[in-house]
Amino acid sequence: MADFLLAAAGFVLATVTLGLVRILRGPSEADRIMAAQLLGSGGIAALLLLAEAMSVPAAVDVALTLALLAAFVSVAFVKGFARSGADGA
Amino acid sequence: MSFALDALTILAVSTGAFFFLAGTVGLLRFPDALSRLHALTKADNLGLGLVVLGLLFQPEELFAGLKLVTVWLLTLLAGATVTQLIARTARPGGAQE
Amino acid sequence: MTDRPLALDIGLAFLVLGVAVWTIAARDTFAAVVGFVAFGLLLTLVWARLAAPDVAPTEAAIGSGVTGGLLLGASTRLHGTQTPAPGEKPGAILRLAAAALCTVVSAGLAAIVLLLPEPAPTLAPQAATNISATGLGNPVTAVLMAYRAIDTLLETVVLLLALVGVWSLAPDRVWGGFPGPRHHADPDGLLPFMAQLLVPVGLLVGIYIFWVGSVAPGGEFQGATILAAMWVLAMMAGLVDAPAVSRRWLRLLLVAGPAVFFAIGLAGFAMAGAFLAYPEAYAKLLIVTIEVPVTLSIATMLALLVAGPPERALR
């Protein structure tokens, strides 16, 4: 079970880091924000799996922190993009 | 009994991982921003949700289980809102706030 | 957290380098900030793989989250001046000098890491054996608040000075005014709704992470960062306005943490014979007494740093 969860964590991580290509290629800012969001969710899932696989309950707290900060950063990105795009100043 | 729980965990986590894969493939392959957003939400909601569900089947204390569900609900809430906001900026015509 | 270097680790290392290179090379500042946040997330995973459950969330929260917010604010302000004037581009000599400096620093770091004596020198065993005197269960918190409390005190002061530096960027006419633009909240809107649900839960989680830091990974910096992020989120959603920087309660809140820290430090002369020394019977109590105002102060400092210099004048 622990090995399976560990493998699952690695798989999820490998998958979402593939999405980094979207950050590189764009083409729009929305695409880059999305890829960062995916990386965040994948990281959270991997942390939860690792917490169980390695009996490190602290990793769930890390996932909790990450979830809140990801929400903050995503909103900041969208607000920042809207602000700089909308008024063009 | 524990074998059944383990089987459920493996099933749920595998399906969750599959949705992460589907979300990533969608993000990379779909033609435009809005459809990529659609793919992203599948990974966020179903992917993480199924992983959390699978982990809940493993024996642990109530508080630990509550924390898992909280993580999922927070991600769900934030993800749903942010994808809506992204969609507003991504649609043709741009943001009209 | 095993010792075998998995393919995961090697892949992660290359990924971190690749994203870093891309972030620097990116033309558009916004894209570079997104790259930087992704870089921070990958670093969080690296820390997790290195079995550092205290550093990992701190990297995610401060290194990736709050710093990302800061850079984003800067990028938004710079939006109109994206293309550098021809006279501003650094010349070839300067670039070569920078490249040489980076190479020397990298080579030096690599040499240090590769030439570390085996086993690497560490104070960890002594830190662990003496921890019962501090009344804490988390050795990292013991280092931050007991063994090296002076560093933590100075860090809070540095943050405060940084905030004053940011405030000094305000034009004279808005000095003492409100940071950032006014975010309007549509009462039926999406973002205010989400913030109304998320922020209270986030505040609770922040307090929890701070509190649990005495026995498990967590502590005041991570808790404060979560609190700060929730405050800025509430500001961005238009639920609350940024406070004017001349407000007395705000300035008291900012100063409370370092002041209490310093006061207890001075009291250490009377109580236990040295600056920031704790008498053993009261160690935990004193540490908590310091931690609460410090957490509030740091949360305020971080939130105001992200909010930026005042842009709107006091009426």
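**Helix H9 of chain C and its surroundings**

Me: What follows H9(C), and what makes H9(C) a helix?
Reply: H9(C) is followed by C:Gly238, whose phi is positive, near 80 degrees. H9(C) is called a helix because a helix is a DSSP run of H or I with at least four residues, numbered from the N terminus, and H9(C) has 17 residues. This is a predicted model, in which local features need pLDDT (the predictor's confidence in each residue, from 0 to 100) of at least 70, side-chain atom pairs count only at pLDDT 80 or more, and totals for chains, interfaces and linings use all residues. Residues are numbered from 1 along each chain as its sequence is written, while chains are lettered from A and ligands numbered from 1 in the order in which they are written.

Me: How do you know what span to expect for H9(C)?
Reply: The expected span is 1.5 Å times one less than the number of residues; for H9(C) this gives 24 Å, and the distance from its first C-alpha to its last is close to that, at 24 Å.

Me: Why is H9(C) called mostly covered?
Reply: A residue is buried if 20 or more other C-beta atoms, placed from the backbone, lie within 10 Å of its own (exposed if 12 or fewer, partly exposed in between), and 17 of the 17 residues of H9(C) are buried, so the helix is called mostly covered.

Me: What makes the largest nonpolar core a core, and which residues have the most contacts inside it?
Reply: A core joins buried Ala, Val, Leu, Ile, Met, Phe, Trp, Tyr and Cys residues through C-beta atoms within 7 Å; the largest has 140 residues, with the most contacts made by A:Leu48 and C:Leu233. Helix H4 (residues 58–87) of chain A gives the most to this core, with 17 residues.

Me: Which residues touch A:Leu48, leaving aside its neighbours within four places in sequence?
Reply: Residues are in contact if their C-beta atoms lie within 7 Å, and the partners of A:Leu48 in this sense include A:Val60, A:Ala63, B:Val51 and B:Leu68.

Me: What does chain C bring to its contact with chain A?
Reply: Chain C brings 42 residues and chain A brings 39 residues. Several helices of chain C each supply at least two residues to the side that touches chain A, among them helix H1 (7–25) and helix H9 (220–236). That side divides into 30 nonpolar, twelve polar and no charged residues, where Ala, Val, Leu, Ile, Met, Phe, Trp, Tyr, Cys and Pro count as nonpolar, Asp, Glu, Lys and Arg as charged, and the others as polar.

Methods: Two residues are in contact if their C-beta atoms, placed from the backbone, lie within 7 Å.
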